[in-house]
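Here is a short report on a ligand and its surroundings. Look for the bound molecule before reading on.

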Amino acid sequence: MTAAGPLTIDERKRAAALAALPLIQEGMQLGLGTGSTVAHLLEGIAERGLDVAGVPTSEATEARCRQLGIRLLQPSDTERLDLAIDGADQLDHALTATKGGGGALLREKVVAAMSDRFVVIATSDKLVDRLGDSFPLPIEVVPFATAPVARRLRDRGYEVELRTAGEGPVVVTDNGNHLLDARVAGGIEDPAVEELWITALPGVVECGLFVDLVDQALLADQRGRVTSLEPDGR
Ligand code: 5RP
């Protein structure tokens, strides 16, 4: 809290991002997420001159790393990454996350899955009881399958929107695909079941449910205090 009142959302994102810096050791191979929270992390890495290399999860992150002089890796350069750090759209109390608000969920999930440890940095208001209600679940779909996948999701009870850039054109991901944003009233009851059901639909490339992937969440509150959460039993 400042004299002027609570921190802004961006200041809170920065607080969460900076809290992740002590987890990074010299020489580590990192997974580098995407979004406005990760932007603060990248600046922190560059400001501290940390000698690390990272697999970027989007073209935007790759471009920012080049500007900041952070060494880049491809997924094919290494068997495992030491640590991946990324934002999230929402998290539940089991630390299942939804991701893809920035459109990078596919590469983000690939990178999280190849990392020994996956840490989410976010503001504490993203912690919710149920995912997929107040913020939609993004689903990446090959363009040929957009309409049939949207129909199947609607039949299952989702409200579905094809992502566009405001009133503008349809958003195309870094992988050349479309994004369907799916919401369900009351939220997703069983994220693990839903992830399997959605990703089994022909034409779905990946969905933004990150189940059993998050090892730690660093969540910044309105005063900039950061709470660390870890999932029970893992
Ligand atoms: C991008 C993501 C982002 O991590 C998520 O949208 C959170 O973004 P921000 O840090 O800007 O709030 O999943 O695909």
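How far does a polar side-chain atom of aspartate 89 lie from an oxygen atom of the ligand? In this predicted model, the distance is 2.6 Å. Two more side chains make contacts of this kind, one from lysine 99 and one from aspartate 86. The table lists the distances.

| Residue with the polar side-chain atom | Distance to a ligand oxygen atom |
|---|---|
| Aspartate 86 | 3.5 Å |
| Aspartate 89 | 2.6 Å |
| Lysine 99 | 2.9 Å |

Now take the ligand's surface. Alone, the ligand would expose 380 Å². The protein buries 91% of that area.

Next, the space itself. The ligand occupies the largest pocket. Two elements each give two or more residues to the shell around the ligand: α2 (36-47) and α4 (105-113). The pocket holds about 170 Å³ of space. Its lining has 14 residues. Nearest the pocket centre are Thr34, Gly35, Ala88, Asp89 and Lys126. By class, the lining has one nonpolar, eight polar and five charged residues.

Then comes the shell around the ligand. It has 18 residues. Ser36, Thr37, Asp89, Gly100 and Lys126 come nearest to the ligand. This shell divides into three nonpolar, nine polar and six charged residues.

Which residues should you find again on the model? Asp89 and Lys126 are among those nearest the pocket centre, and both are also among those nearest the ligand. Asp89 also supplies the polar side-chain atom that lies 2.6 Å from a ligand oxygen.

Notes
Residues are numbered from 1 along each chain as its sequence is written. This is a predicted model: local features need pLDDT of at least 70, side-chain atom pairs count only at pLDDT 80 or more; totals for chains, interfaces and linings use all residues. Side-chain values use heavy atoms; hydrogens and water are left out. On a 1 Å grid over the protein atoms alone, a cavity is a set of points where a 1.4 Å probe fits but cannot get out, and a pocket is an open set with protein on both sides within 12 Å along at least five of seven lines; lining residues have an atom within 4 Å of a point. Grid points are joined across faces, edges and corners, and a volume is the space filled by probe spheres set on the points. Ala, Val, Leu, Ile, Met, Phe, Trp, Tyr, Cys and Pro count as nonpolar, Asp, Glu, Lys and Arg as charged, and the others, Gly among them, as polar. A residue is near a molecule or strand if one of its heavy atoms lies within 4 Å of it. A polar contact is a pair of N or O atoms within 3.5 Å; within protein, one must be able to donate a hydrogen and the other to accept it, and residues adjacent in sequence count only if both atoms are side-chain atoms. Accessible areas come from the Shrake-Rupley method with a 1.4 Å probe; for residues, only the protein chains shown count as cover. A molecule sits in a cavity or pocket if more than half of its atoms lie within 2 Å of its grid points. Helices (H or I, at least four residues) and strands (E, at least two) are DSSP runs, numbered from the N terminus.
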